[in-house]
Amino acid sequence: MRFLSIQSHVAYGHVGNSAAVFPLQRIGHEVWPVLTVNFSNHTGYGAWGGPAIPADDVRAVVAGIEDRGVLGTLDGVLSGYLGGEEIVDVVVDAVGRVKAANPGASFTCDPVMGNANSGCFVAPTIPPLIREKVVPVADIITPNQFELGFMTHTEPDTLASTLESADRARDLGPRTVLVTSVLRPDRETLPDGEGGTIGTIEMLAVDDAGAWIVQTPHLPFKANGSGDVTSALFTAHYRETGSAATALERTASSVFDLLQATIDSGERELRIVQAQDAFANPRMQFASRQVR
């Protein structure tokens, strides 16, 4: 398959396209990265160098690809963090051009707004733009639980309320919702192998065929870029298999092993290259459960 990925880029570390491109390539897909920023590192460090790419320049890259006559060969478009209204318009326009060339192509929007710990960390103008302009043209969205609540004006916490919020999100346009971090108050704990227990975290996928949830140990690690990897892998597996359950299991397996490899390394940045076998040959150690 072939994907157009309109996201940020960093030289050091792995977020945006620097997180999404290699895993997709490693599982056998062609990726055409279009950069929205070219930074030295992600902004979580508090300081960085390099430019944000002007929206007209991003648009020109897409137009140059279109001039090659190849947009119709794309299977999907991916977008992540959106830094301003002009970039939002570029993404929406690019999606329209790709779908005009190939109506079977999908668009996956990772609606980056914030998380439960940090709250909303994008400019206040961004969430309404995502909700009103981007989500309605998306086929797949991949919010975390906080972002799901933010865009649907709900407060999902239980499985039932998270499913209801996902349905509200689907009413906005996308048929498939992957909730990348479900933290239920009644979630189970698992044995840690040392006589204690470890908490769990879940991912939930909802589409026209039903809803499935997968549970993994909750690793004590804040990983910038893990959401970008998750969104990319789920999209590719879902498009390839047509099964939300299978895509969920493959994605959970790969991302868990990526995070574990990063923790074991003692490094702050994701060990994407070192954990590449987890993408190519996921262990499938986590089974999904149909919940609807």
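**Why these labels? A chat about the model**

Tutor: Let's start with β4: S106 and T108 point one way from it, F107 and C109 point the other way, and all are buried.

Student: What makes a residue buried, exposed or partly exposed?

Tutor: Relative accessible area under 20% is buried, over 50% is exposed, and in between is partly exposed, with a 1.4 Å probe and protein chains only. The model is a predicted one, so local features need pLDDT of at least 70 and side-chain atom pairs count only at pLDDT 80 or more, while totals for chains, interfaces and linings use all residues. Residues are numbered from 1 along each chain as its sequence is written, and side-chain values use heavy atoms, leaving out hydrogens and water.

Student: And why is β4 called a strand?

Tutor: The label comes from DSSP: a strand is a run of E with at least two residues, a helix is a run of H or I with at least four, and both are numbered from the N terminus.

Student: How do you know that β3 and β4 pair?

Tutor: Two strands pair if DSSP finds at least two bridges between them. β3 and β4 have 4 bridges, in the parallel sense, and the partner of L78 in β4 is T108.

Student: What is the sense of pairing on either side of β8?

Tutor: With β7 (residues 140-141), β8 pairs in the parallel sense over 2 bridges, and I141 has V177 as its bridge partner there. With β11 (residues 200-207), the pairing is antiparallel over 4 bridges, and V182 stands opposite E202.

Student: Why is β8 described as largely enclosed?

Tutor: Of its 7 residues (176-182), 6 are buried, so the rest of the structure largely encloses β8.

Student: Which strands are at the edges of the sheet?

Tutor: The open sheet has 9 strands, in the order β2-β1-β3-β4-β7-β8-β11-β12-β13, and its pairing is mixed. β2 and β13 (288-290) are the edge strands, as each pairs on one side only.

Student: How do you know that the span of α3 is close to the expected one?

Tutor: The expected span is 1.5 Å times one less than the number of residues. α3 (residues 85-101) has 17 residues, which gives an expected 24 Å, and reaches 25 Å from first C-alpha to last.

Student: On which side of α3 do its buried residues lie, and what is the evidence?

Tutor: The buried ones are I87, V88, V90, V91, A94, V95 and V98. They cover an arc of only 160° around the axis, so they sit on the same side of α3. That arc is taken from the directions from the helix axis to the C-beta atoms. The face turned away from the buried side carries the exposed residues E86 and A100.

Student: What covers the buried residues of α3?

Tutor: Among the elements covering them are β1 (2-10), β2 (30-39), α2 (55-67) and α4 (126-134).

Student: Why is one aromatic pair called tilted and another stacked?

Tutor: Rings of Phe, Tyr and Trp (its six-membered ring) pair if their centres lie within 6.5 Å; planes under 30 degrees apart are stacked, over 60 edge-to-face, the rest tilted. The structure holds 5 such pairs. F39 and W48 are at 5.7 Å and 35°, hence tilted. F234 and Y238 are at 5.5 Å and 15°, so that pair is stacked. These two lie in α7 (residues 226-241), 4 residues apart, about one turn of the helix, and both are buried.

Student: Are F39 and W48 buried or partly exposed?

Tutor: F39 has a relative accessible area of 14%, so it is buried, while W48, at 43%, counts as partly exposed.

Student: What makes R268 count as sitting over the ring of Y45?

Tutor: The rule asks for NZ of Lys or CZ of Arg within 6 Å of the ring centre and within 35 degrees of the ring normal. R268 lies over the face of Y45 at 3.8 Å from the ring centre.

Student: How do you know that S253 is buried, and what does S253 touch?

Tutor: S253, in α8 (residues 244-265), has a relative accessible area of 0%, so buried is the right label. Contact means heavy atoms within 4.5 Å. Not counting residues up to four places away in sequence, S253 touches P282, R283, M284, Q285 and F286.

Student: What about S18?

Tutor: S18 sits in α1 (residues 17-26) and is buried at 13%. Leaving aside neighbours within four places in sequence, its contacts are S8, H9, V10, G13 and I272.
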